[in-house]
Amino acid sequence: MSTLSSLGEFGLIRRLTQNVHPGEGVLTGIGDDCAVLRLGDRQLLVTCDASIEDVHFRRALAAPEAIGWKSAASALSDIAAMGGQPRFVLITLACPAETDLGFLEGVYRGMADAVAHCGAVIVGGDTTQSPSGLVIDVTVIGEPTGSRHLLRCGACEGDYLAVTGHPGCSAAGLLALERHIDAPSLVPAHLHPIPRIAEGQWLAEQHPVHAAIDLSDGLLQDAGHLADASGLGLDLDSRMLPLDPALTAFCAAQNVNALDLALNGGEEYELILALRPDEAAAIATAFTHRFQVPLALIGRFTSHGSGLRMDGAPIQPLGFNHFRG
């Protein structure tokens, strides 16, 4: 008997959707950060994301407002990855009947704050009973704001791989929470991620940007999705990873490998890009100047075999994969 643990999250998606065919009006269906739909003369970006208690969050480690913010931010980040603007949000809550009302109000307040921060509005949803634990499902409807949107596919041989921000900080923040360590520059990266809405819109208007994805399941794993979608391999340079000094200091004190957190820690909600090589440096400089956020060139896409390599040697991603852990 085949089980979910043998397939993993992405194997399950492939198996369940192998006979699902896009209908009329579907420009991009299953397999990207959002579905891209045509409605009349407009394009819509539609995504949903679920957060499950004791899988995505733990009440002992996060205030209700933080749980709500992060649950909404993870879905809003999918719109950012395509360079779109979120417009409308629907929220489904499933919870046990004995759930404290003040806790739920705090969760909803956090979601409302994240939605408003990104320029969208909550327009509806659903509530239902859960036999155990809180379940939050967030659906976001958005639209492209410029002449195009970004997809996971589109990288070309020789393109640079680039990442915004400082990967690994969210994973370090979670570790600090678990170990009850004061890490004021790392914990917010985990509890209060900021979707890169404006940054994604700007990048979508830069034609040297060929593809994008948001960083949710680990840098290696998500960069691998970009490479796979474009039929390419990827060679990363560990020396170019933008490790935050607070991250390296924390990891040294805790005897943790900072590089491992940067490569495999998820829930960053940064953006990963494929950039045309002759303009990559200029785009990175302009981005950093405009947003005061680093855009680091950390690898190259290659046609010399598929898969991921780090400093020339094969490497396997260890990011989060539901059903395999």
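Begin with charge: the protein has 19 positive and 37 negative charges, and their mean positions are 4 Å apart. Lys and Arg count as positive, Asp and Glu as negative; His and the chain ends are not counted. Each charge is placed at NZ of Lys, CZ of Arg, CG of Asp or CD of Glu.

This is a predicted model, in which local features need pLDDT of at least 70 and side-chain atom pairs count only at pLDDT 80 or more, while totals for chains, interfaces and linings use all residues. Residues are numbered from 1 along each chain as its sequence is written, and side-chain values use heavy atoms, with hydrogens and water left out.

**Whole chain.** Show the C-alpha trace. It spans about 55 × 55 × 50 Å along its principal axes. The radius of gyration is 19 Å, which agrees with the value near 20 Å for a compact globule of 325 residues. That radius is taken over C-alpha atoms, and the globule rule is 2.2 Å times the number of residues to the power 0.38. Switch to cartoon: there are 10 helices and 13 strands. These are DSSP runs numbered from the N terminus (helices H or I, at least four residues; strands E, at least two).

Now add the surface. Its accessible area comes to about 14900 Å², with 54% belonging to carbon and sulfur atoms. Areas come from the Shrake-Rupley method with a 1.4 Å probe; for residues, only the protein chains shown count as cover. Buried residues make up 52% of the 325. Buried means under 20% relative accessible area, exposed over 50%, partly exposed in between.

**Largest core.** Select Leu 76, Val 89, Met 111, Leu 134, Ile 136, Val 138 and Leu 247. Within the 48 residues of the largest nonpolar core, these touch the most other members. Such a core is a set of buried Ala, Val, Leu, Ile, Met, Phe, Trp, Tyr and Cys residues joined through side-chain atoms within 4.5 Å. Elements giving two or more residues include helix H2 (64-81), strand E4 (84-95), helix H3 (101-117) and strand E6 (135-144). H2 supplies the largest share, nine residues.

Centre on Ile 136. Leaving aside neighbours within four places in sequence, its contacts include Asp 49, Phe 57, Ile 67, Ile 91, Val 107 and Met 111. Contact means heavy atoms within 4.5 Å.

**Second core.** Move to Val 163, Leu 232, Leu 234 and Ala 274. They belong to a second, separate core of 23 residues. Then pick Thr 302, in strand E11 (residues 295-302). Thr 302 is buried, at 16% relative accessible area. Beyond four places in sequence, Thr 302 is in contact with Glu 157, Leu 232, Gly 233 and Leu 234.

**Two covered helices.** Select H6 (residues 197-204). Seven of its eight residues are buried, among them Trp 202 and Leu 203. The cover over the buried residues of H6 includes H2, E4, strand E8 (209-214), strand E10 (271-275) and helix H10 (280-291). Next take H7 (residues 219-229), where nine of 11 residues are buried. Asp 222 and His 225 are among them. Just after H7, Gly 231 has a positive phi of about 70 degrees.

**Positive phi outside glycine.** Asp 54 has phi near 70 degrees. Find Asp 54 in the loop between strand E3 (42-52) and H2. Asp 54 is exposed, at 60% relative accessible area. Last stop: Gln 292, in the loop between H10 and E11. Its phi is near 55 degrees, and Gln 292 counts as exposed at 65% relative accessibility.

Notes:
Buried < 20%, exposed > 50% of the residue type's maximum accessible area, 1.4 Å probe, protein only.
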